[in-house]
Amino acid sequence: MGHRLPLHSGKCSNFHGHNYDVTITLDFETGQSFIEGVGFLIDFGDIKKYVDERFDHKFVMQSSDPYLKSIAPLEIPGLVVVDYAPTAENLATDISQGLKQYISTQGFSSNQFKVIVKLWETSNSFVTQIA
């Protein structure tokens, strides 16, 4: 995934990308009711699909990025515009809150489970976000 941080004073203000890795943990209480007859909270394939459709092979730009005015009219496939600086911290929050909302639409109350996202920007740099 590519991005840039327009307000960063260093090289992260340039267009660049990372090979992010993400670990997603669903934390729930023992004895919680799952999808009837299936035995799980959500299909892991649905989680992968959600993350891939949102960020895999995409370029993420902040809506206030001054370069966006020049790029947006080009209708570039894979351009994702967000209302936040696309830092690892904010991307992890986006994923965790989005998955929490998605799972909640499947009939589970958001207070029945937690979504924990660990997003690795490099092999030794990561953030963890809990929703």
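This note goes through the largest pocket, the salt bridges and two individual residues of a predicted model.

1. The largest pocket. The largest pocket holds about 270 Å³ of space. It is lined by 14 residues, and those closest to its centre are Met1, Tyr20, Val51, Phe55 and Asp56. Three elements each give two or more residues to this lining, namely strand 3 (21-28), helix 1 (44-55) and helix 3 (88-104).

2. Make-up of the lining. Helix 1 provides the largest share of the lining of the largest pocket, with 3 residues. Sorted by class, the residues that line the largest pocket are 8 nonpolar, 3 polar and 3 charged.

3. The salt bridges as a set. How many salt bridges does the structure hold? There are 3 salt bridges in the structure, and the next three points take up the pairs in turn.

4. Arg4 and Asp65. The side chains of Arg4 and Asp65 form a salt bridge with an N to O distance of 2.7 Å. This pair links distant parts of the chain, since Arg4 sits in the loop between strand 1 (2-3) and strand 2, while Asp65 sits in the loop between strand 4 (59-62) and helix 2 (68-71), 61 residues apart. Both Arg4 and Asp65 are buried.

5. Lys48 and Asp52. A salt bridge also joins the side chains of Lys48 and Asp52, at 2.6 Å from N to O. Both residues of this pair belong to helix 1, where they lie 4 residues apart, or about one turn of the helix. Lys48 counts as exposed because its relative accessible area is 53%, a value that lies over the 50% cut-off. Asp52, by contrast, has a relative accessibility of 28% and therefore counts as partly exposed.

6. Asp94 and Arg54. In the salt bridge between Asp94 and Arg54, the closest N and O atoms are 2.7 Å apart. Here too the pair links distant parts of the chain, with Asp94 in helix 3 and Arg54 in helix 1, 40 residues apart. Is Asp94 buried or exposed? Asp94 has a relative accessibility of 14%, so it counts as buried, because buried means under 20% relative accessible area. Its partner Arg54, at 27% relative accessibility, counts as partly exposed.

7. His18. The residue His18 is found in the loop between strand 2 (16-17) and strand 3. Its relative accessible area is 16%, and His18 is therefore buried. Which residues is His18 in contact with, once its neighbours within four places in sequence are left aside? With those neighbours set aside, His18 is in contact with Met1, His3 and Glu121. The side chains of His18 and His3 are, in addition, joined by a polar contact of 3.3 Å. Met1, one of the residues that His18 contacts, is also among the residues closest to the centre of the largest pocket.

8. Val81. Strand 5 (residues 79-82) contains Val81. The relative accessibility of Val81 is 42%, so this residue counts as partly exposed, given that the class lies between the 20% and 50% cut-offs. Leaving aside neighbours within four places in sequence, the contacts of Val81 are with Met61, Gln62, Ser63 and Leu68. For Val81 and Leu68, which are 13 residues apart along the chain, the C-alpha atoms are separated by 8.7 Å.

Note on methods
Residues are numbered from 1 along each chain as its sequence is written. This is a predicted model: local features need pLDDT of at least 70, side-chain atom pairs count only at pLDDT 80 or more; totals for chains, interfaces and linings use all residues. Side-chain values use heavy atoms; hydrogens and water are left out. On a 1 Å grid over the protein atoms alone, a cavity is a set of points where a 1.4 Å probe fits but cannot get out, and a pocket is an open set with protein on both sides within 12 Å along at least five of seven lines; lining residues have an atom within 4 Å of a point. Grid points are joined across faces, edges and corners, and a volume is the space filled by probe spheres set on the points. Ala, Val, Leu, Ile, Met, Phe, Trp, Tyr, Cys and Pro count as nonpolar, Asp, Glu, Lys and Arg as charged, and the others, Gly among them, as polar. Buried means under 20% relative accessible area, exposed over 50%, partly exposed in between (1.4 Å probe, protein chains only). A polar contact is a pair of N or O atoms within 3.5 Å; within protein, one must be able to donate a hydrogen and the other to accept it, and residues adjacent in sequence count only if both atoms are side-chain atoms. Contact means heavy atoms within 4.5 Å. A salt bridge is a side-chain nitrogen of Lys or Arg within 4 Å of a carboxyl oxygen of Asp or Glu.
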